[in-house]
Amino acid sequence: MRDEYRSELERLRWTPEGRAALVRSLTAGAGRQRRARRPLRTAALFAAAACALTLSVGAAVVRLPVLEQYFGGGAGYRQSSALVGKAVTANGWTMTLTDCAGDDRYLCLGFELEAPEGTVLGPDWAAADPDEDFDFPDSRGGYAWQWRCPEDPDPTDNRLGYVLWIEYMPREPGTDGLNGRDMTLRIDGVGYIRILPDGTREDVVLCGETWDFGTLAVAYPDRTLRLEPRLPVTIREVPARLTRLEVSPVGVNVWLEGEALRNHHAFWGNYGLCIDLPEIALYDRDGNLLEPDPYTPFGIRGGSGCNAGEDPDSPPCIHVNQSYGYLLDMDSLDRVEICGVSIPLHGGEA
Amino acid sequence: MDAERAEALAERYGDTLLRLGYTWFSSLADAQDVCQTVLLKLLESPRTFPDRDQERAWVLRVGINVCKNLRRSAWRRRTVALDEGLAVQAPQPEEDGILPLVQQLPLKYRRVIYLRYYEEYGVGEIARLLGISPALASTHLARARARLKQMLEGSDYERRIPE
């Protein structure tokens with residue numbers, strides 16, 4: 001038995017392509033590691049900041065809002081974003097929260113950093129992350145977050161945009177969202193961690209200022225379609241029920257339930273990629289199939305999950321989130337097909 | 001250098017962590033998450049060890065802790081953007097295979113089976129890795145073997161379950 005078990009288990013391995021993708025992912029992750037959620041400053045920067053700290057909070061004049069740069073200023077952005085325009089200045093460095101957009105579980109915040117005149121925010125800055133410290137005091141869930149840097153329209157000037165993607169994980173899936181909640185937000189500098197050839201880590205602090213936004217009311221237009229189709233579907237010959245469907249500017253969320261899904265990791269066995277199985281096809285009114293974007297923060301169908309039905313007290317459920325890399329024009333959507341079942345998004349019956 | 005270290009770690013421990021994660025979750029997606037999470041931790045916190053055995057034990061310990069943390073939430077999450085279709089070479093399900101049967105055991109049993117029969121650790125080492133008493137590790141191992149015998153009743157494997 002020992003040899004058979006070992007032999008069968010050893011057939012589970014990374015393919016060369018998979019290993020290469022893993023290495024790329026690790027390298028990208030290590031090069032842009034999250035810094036600790038505390039101010040990371042060099043002693044010199046700290047001393048300079050301590051003797052000359054001046055803070056001011058006020059409205060700022062900004063160029064194009066950062067999310068408009070990041071997503072493009074199409075109909076989806078116009079329908080579902082909100083301008084914020086709150087700026088905090090510290091020692092001549094201004095961080096402005098320009099705009100926000102989202103749905104029940106994802107929130108995107110656009111920031112513009114403006115350095116003192118004469119400072120160039122070049123490629124190093126685009127590879128760095130602001131060091132965020134945020135909370136939603138009234139919420140009862142957890143968060144994941146990632147920073148992105150939209151393409152810099154002028155790498156020789158003193159301005160640069162950053163986008164903070166926040167994924168909200170409510171304690172009870174589907175029970176509440178982020179829209180309209182108070183958020184506390186502080187940003188402690190901008191930088192990255194470099195791993196040196198000898199393996200030691202070096203904090204590279206590009207800017208050690210602190211921008212304290214205090215408490216913000218985060219609100220944006222709610223364009224989410226929330227449906228409860230309760231339709232039968234079949235996933236790889238297994239019957240299930242499409243219990244909930246949400247289509248928002250950020251993407252499509254699908255919940256599939258059914259007793260036949262209990263312990264599905266066991267019977268789909270080595271193909272336990274259950275959240276990859278449901279086919280989700282979104283069409284616009286012109287009949288175009290909208291392509292999901294695998295590079296959206298949180299990855300291919302990132303934010304998806306399942307409970308596998310291993311807990312006898314919980315109904316088995318698969319939740320799939322599919323994102324598109326831009327804010328969807330909700331008025332242009334026609335239907336979504338889930339496991340071959342077509343669901344109109346603007347009236348009509350499936 | 002990051003890429004070289006990442007490549008070396010992925011080469012040395014990628015498959016091991018994939019198998020450890022699979023033992024825990026019976027899911028390739030979760031196994032990949034475990035693998036990536038652990039390797040990223042190793043990249044973030046480089047350590048040196050007197051020998052490869054101690055390094056491997058530490059990697060397994062980190063991997064087990066990652067599995068425990070992931071399992072705390074019934075809703076496990078995906079954070080990896082890998083091309084799943086290309087990522088992993090998986091064994092085909094075999095009707096008479098032993099692996100599907102082991103994977104049907106409760107986690108407490110399949111994790112000791114993995115550490116005993118794949119990693120070839122003794123009861124004391126298994127206990128240390130899992131953070132349980134040696135007596136409990138021994139009990140789980142005995143019960144796991146008994147369950148497997150029951151499941152394999154009548155098959156060729158029945159006679160070959162080692163003590």
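**Notebook: strands of chain A and a helix of chain B**

I first looked up strand β12 (residues 231-235) of chain A and found that five bridges join β12(A) to β13(A), the two running antiparallel. I note that strands (E, at least two residues) and helices (H or I, at least four) are DSSP runs numbered from the N terminus, and that two strands pair if DSSP finds at least two bridges between them.

This is a predicted model, in which local features need pLDDT of at least 70 and side-chain atom pairs count only at pLDDT 80 or more, while totals for chains, interfaces and linings use all residues. Residues are numbered from 1 along each chain as its sequence is written, and chains are lettered from A and ligands numbered from 1 in the order in which they are written.

Staying with β12(A), I saw that V233(A) stands opposite A240(A) in β13(A), and that in the hairpin of these strands, with two residues between them, R236(A) takes a positive phi near 40°. I then followed β13(A) to strand β14 (residues 251-257) of chain A, where the two pair in the antiparallel sense over seven bridges and a hairpin joins them through two residues.

Next I turned to helix α8 (residues 134-151) of chain B, and listed its buried residues (20 or more other C-beta atoms, placed from the backbone, within 10 Å of their own C-beta; exposed means 12 or fewer, partly exposed in between) as A137(B), H140(B), A144(B) and L148(B). Seen down the axis of α8(B), these fall within an arc of 65°, taken over the directions from the helix axis to the C-beta atoms, so they line one face of the helix. On the other side, I found A135(B), A146(B) and Q150(B) exposed.
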